[in-house]
Amino acid sequence: MATITVDGKEIEVDEEGYLVNLSDWFPAVAEEMAKIDEVELGEDHWDIINFLREYYEEYQIAPAVRVLTKAVAKKLGKEKGNSKYLYELFPYGPGKQACKFAGLPKPTGCV
Amino acid sequence: MSDDIKKFMFVNTKAPYGTVYALESLEVVLISAAFDQDVSLAFCDDGVFQITKNQNTEGSGMKNFSPAYKALGDYDINKLYVEKESLEERGLTLDNLMDLTYEDEDDDWAEKPSIKLVTRAELADLMDQQDVVISS
């Protein structure tokens, strides 16, 4: 099993870099995953990561990207709830990459 | 409706925990939403327990995935047929089921109920109208 090291802790990830245990997540885990993907996390990234964590808390699933886009538009406004903006923040796909940073499983219904 | 859109109905007949059928079916449903098909769900027999309120899986060691049914509206899946006889046979009413809703794009995003109570005969008719029926 692969691991990443965050604050001296060994954390298990799967072959695609997603957390094995969702409860292992803390903010520095996202920072470390972003560093591996060469993404620098700013406030805009955190808005989406926090949004995803809240969504998961409520619905127990990681939303598919078009569901995410729609939900972000509703909560954070149209200028953020569009795929161009989200892809700029998360070049490997807002569903997959943002969910990974947020410690969630791969989104359900992303193909 | 264009020719490449098919009517899919996922029929749920089993209690939510104890087997993986309910969870697996829900995952297939959420994935199917990505293909822009006409998707509906039916709940009959013990399947009606899948969408009951206040599920508590503590002690069973299984994850309570019932909140995920509330996301169906976000996935544009808003036809959830519940068989009336199955509810009654189990001493349940609509009040025992979760409030599952969707926002109607064509009606200024008004929140509307996704659950429709149908009789056994009506459900049979609905099944007849489908291109594909997948039951679990």
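**Exercise 1. How many of the 6 residues of β2(B) are buried, and what does this say about the strand's surroundings?**

Solution. The structure is a predicted model, and the count below is computed from it. Begin with the count itself: in β2(B), 5 of the 6 residues are buried, so the strand is largely enclosed by the rest of the structure. Next, look at one of the strands beside it: β1(B) and β2(B) pair in the parallel sense over 6 bridges, and within this pairing B:K7 stands opposite B:D38. Finally, look for a helix that covers the strands: helix α1 (residues 21-32) of chain B lies across β1 (7-12) and β2 (38-43), and its direction makes an angle of about 165 degrees with β1(B).

**Exercise 2. Find the order of the strands in the open sheet of chain B, and state which strands are at its edges.**

Solution. First, write down the order, which for the 5 strands of this open sheet is β6-β3-β2-β1-β7, with parallel pairing. Then identify the edges: these are β6 (115-118) and β7 (132-135) of chain B, each of which pairs on one side only. As a further step, consider the twist, for which neighbouring strands are turned against each other by 25 degrees on average, direction ignored. To examine one edge in detail, take strand β3 (residues 80-83) of chain B, which is joined to β6(B) by 4 bridges, the two strands running parallel; in this pairing, B:K116 of β6(B) is the bridge partner of B:Y81. The last step is to add helix α3 (residues 120-128) of chain B, which lies across β1, β2, β3, β6 and β7 of that chain and runs at about 140 degrees to β3(B).

**Exercise 3. Determine where the buried residues of helix α1 (residues 27-36) of chain A lie around the helix axis.**

Solution. Start by listing the buried residues of this helix, which are A:V29, A:A30 and A:M33. Seen down the axis of α1(A), these buried residues fall within an arc of 100 degrees, so they line one face of the helix. On the other side of α1(A), by contrast, A:A28 and A:K35 are exposed. Now ask what covers the buried residues: the covering elements include β1 (2-6), β2 (9-13), α2 (43-59) and α5 (94-101) of chain A. After the helix comes A:E38, which has a positive phi, near 60 degrees.

**Exercise 4. Describe how α2(A) packs with helix α3 (residues 65-76) of chain A.**

Solution. Two packed helices are described by the angle between their axes and the distance between the axes. For α2(A) and α3(A), the angle is about 110 degrees and the axes are 11 Å apart. Since angles of 65 to 115 degrees count as roughly perpendicular, α2(A) is roughly perpendicular to α3(A). The contact itself is made by A:D47, A:I48, A:F51 and A:Y55 of α2(A), together with A:A71, A:V72, A:K75 and A:L76 of α3(A). Sorted by class, the residues of this contact divide into 6 nonpolar, no polar and 2 charged.

**Exercise 5. Decide whether A:L104 is buried or exposed, and name its contacts beyond four places in sequence.**

Solution. Locate the residue first: A:L104 lies in the segment after α5 of chain A. Because A:L104 has 22 C-beta neighbours inside 10 Å, it counts as buried. Leaving aside neighbours within four places in sequence, A:L104 is in contact with A:L22, A:L52, A:Y56, A:A62 and A:C99. One of these, A:L22, is 82 residues away from A:L104 in sequence, yet 6.3 Å away in space, C-alpha to C-alpha.

Notes: Residues are numbered from 1 along each chain as its sequence is written. Chains are lettered from A and ligands numbered from 1 in the order in which they are written. This is a predicted model: local features need pLDDT of at least 70, side-chain atom pairs count only at pLDDT 80 or more; totals for chains, interfaces and linings use all residues. A residue is buried if 20 or more other C-beta atoms lie within 10 Å of its own, exposed if 12 or fewer, and partly exposed in between; C-beta atoms are placed from the backbone. The arc is that of the directions from the helix axis to the C-beta atoms. Two residues are in contact if their C-beta atoms, placed from the backbone, lie within 7 Å. Two strands pair if DSSP finds at least two bridges between them. Axes are lines fitted to C-alpha atoms, for helices over the stretch in contact, and angles run from 0 to 180 degrees between N-to-C directions. Angles under 35 degrees count as roughly parallel, over 145 as roughly antiparallel, 65 to 115 as roughly perpendicular and the rest as oblique. Ala, Val, Leu, Ile, Met, Phe, Trp, Tyr, Cys and Pro count as nonpolar, Asp, Glu, Lys and Arg as charged, and the others, Gly among them, as polar.
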